[in-house]
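Subject: The structure you asked about

Hi,

Here is the structure I promised to pass on. Have a look around it first, then read my notes below.

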Amino acid sequence: MAPIWNSIRRNDDVPRSVPALALALALAALAGSAEASPPAEVPIFSISKSENKNQVQYAVDVDEHCVPAGGTPVRAYWRMLELGPARTEALLEREVPAYGMASQSVEERRAEGGRVRLVLRALASRPIDVETGRAPNGACQAWATMPLAGSPAHLFSVFAKIGWPASVESLLLRGWSLDGTHVVSETIRR
């Protein structure tokens with residue numbers, strides 16, 4: 001089979017500049033895609049439960065300047081730790097009321113970072129502010145701030161104690177104090 005370039009060159013109906021134009025367009029497309037970095041995923045917090053080791057991970061997509069990417073940059077998905085450390089799966093439709101988001105909106109975009117307001121369906125009365133920015137090592141980072149035990153704290157995990165039959169008995173919310181000196185915990189009983 002002859003290469004495509006040979007067949008184009010032998011066709012007298014096609015100007016000889018077409019292969020050069022096609023090559024130039026292909027190279028331009030590759031160069032353009034190399035400049036536009038895809039969003040990076042930055043973990044925010046996770047929810048684990050008493051039933052198994054799997055976790056729901058909340059993450060925010062950011063651009064190369066750690067600015068929230070798009071109109072709905074926060075997403076939730078399963079980290080299937082019982083199947084392997086890198087295995088993930090989407091939330092099922094029936095799981096959205098427990099783990100899904102009621103709303104999210106990008107409240108601020110700065111030169112380096114931004115802020116997203118997030119409301120979880122299961123904790124609708126407690127909005128979460130997700131801040132993004134650059135860590136001292138240069139990597140993008142994110143932290144979630146919400147009231148815990150009466151004071152604002154940086155949420156890092158939620159543990160759901162599951163009862164019978166498949167109901168939530170309690171939630172243990174854990175976060176760092178704003179000054180980073182101690183862990184703040186709060187238990188919500190259902």
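Let's start with a question: which residues lie nearest the centre of the largest pocket? Keep in mind as you look that this is a predicted model. The ones to find are Ala98, Tyr99, Ala160, Ile162 and Val168, and they belong to a lining of 20 residues. Strand S1, helix H3 (96-99), strand S9 (151-163) and strand S10 each give two or more residues to that lining. By class, 14 of the lining residues are nonpolar, one is polar and five are charged. The space inside comes to about 350 Å³. If you wonder how anyone finds such a space, rolling a probe the size of a water molecule over the atoms shows where empty space is left.

Now step back to the whole chain. You should be able to pick out three helices and 11 strands. Starting at the N terminus, the order is α-α-β-β-β-β-α-β-β-β-β-β-β-β. The chain has 190 residues, and 36% of them are buried. About 11,400 Å² of the chain is exposed, with 57% of that coming from carbon and sulfur atoms. As for contacts between residues at least 6 apart in sequence, 35% of them join residues at least 24 apart.

Next, go to the end of the chain and look at strands S10 (residues 167-177) and S11. They run antiparallel and are joined by seven bridges. One pair to look for is Leu173, which stands opposite Glu186 in S11. The two strands form a hairpin with five residues between them, and Gly180 in the turn has a positive phi of about 75°.

S11 (residues 183-189) is also a nice place to see a pattern you may know from lectures. In a regular strand the side chains alternate between the two faces of the sheet. Here, Val184, Glu186 and Ile188 point to one face and are buried. Val183, Ser185, Thr187 and Arg189 point to the other face and are not buried.

Two more strand residues are worth a click. Ser46 sits in strand S1 (residues 40-49). Is Ser46 buried or exposed? Its relative accessibility is 12%, so Ser46 counts as buried. Apart from neighbours within four places in sequence, Ser46 is in contact with Gln55, Val56, Gln57, Phe156, Ser157 and Val158.

The other one is Thr132, in strand S7 (residues 128-134). Thr132 is buried too, with a relative accessible area of 1%. If you leave out residues up to four places away in sequence, the residues that Thr132 touches include Val60, Val62, Arg110, Glu112, Gln141 and Trp143. Cys66 is also among them, which brings me to the loops.

Cys66 lies in the loop between strand S2 (52-62) and strand S3 (74-79). Its relative accessible area is 0%, so Cys66 is buried. Its backbone is worth checking as well: phi of Cys66 is near 65°, a positive value in a residue other than glycine. For background, most residues other than glycine have a negative phi. Ala149 is another case, with a positive phi of about 55° although it is not a glycine. You'll find Ala149 in the loop between strand S8 (140-148) and S9.

Have fun exploring, and send me your questions!

Cheers

Note on methods
Residues are numbered from 1 along each chain as its sequence is written. This is a predicted model: local features need pLDDT of at least 70, side-chain atom pairs count only at pLDDT 80 or more; totals for chains, interfaces and linings use all residues. Side-chain values use heavy atoms; hydrogens and water are left out. Helices (H or I, at least four residues) and strands (E, at least two) are DSSP runs, numbered from the N terminus. Buried means under 20% relative accessible area, exposed over 50%, partly exposed in between (1.4 Å probe, protein chains only). Contact means heavy atoms within 4.5 Å. Accessible areas come from the Shrake-Rupley method with a 1.4 Å probe; for residues, only the protein chains shown count as cover. Two strands pair if DSSP finds at least two bridges between them. On a 1 Å grid over the protein atoms alone, a cavity is a set of points where a 1.4 Å probe fits but cannot get out, and a pocket is an open set with protein on both sides within 12 Å along at least five of seven lines; lining residues have an atom within 4 Å of a point. Grid points are joined across faces, edges and corners, and a volume is the space filled by probe spheres set on the points. Ala, Val, Leu, Ile, Met, Phe, Trp, Tyr, Cys and Pro count as nonpolar, Asp, Glu, Lys and Arg as charged, and the others, Gly among them, as polar.
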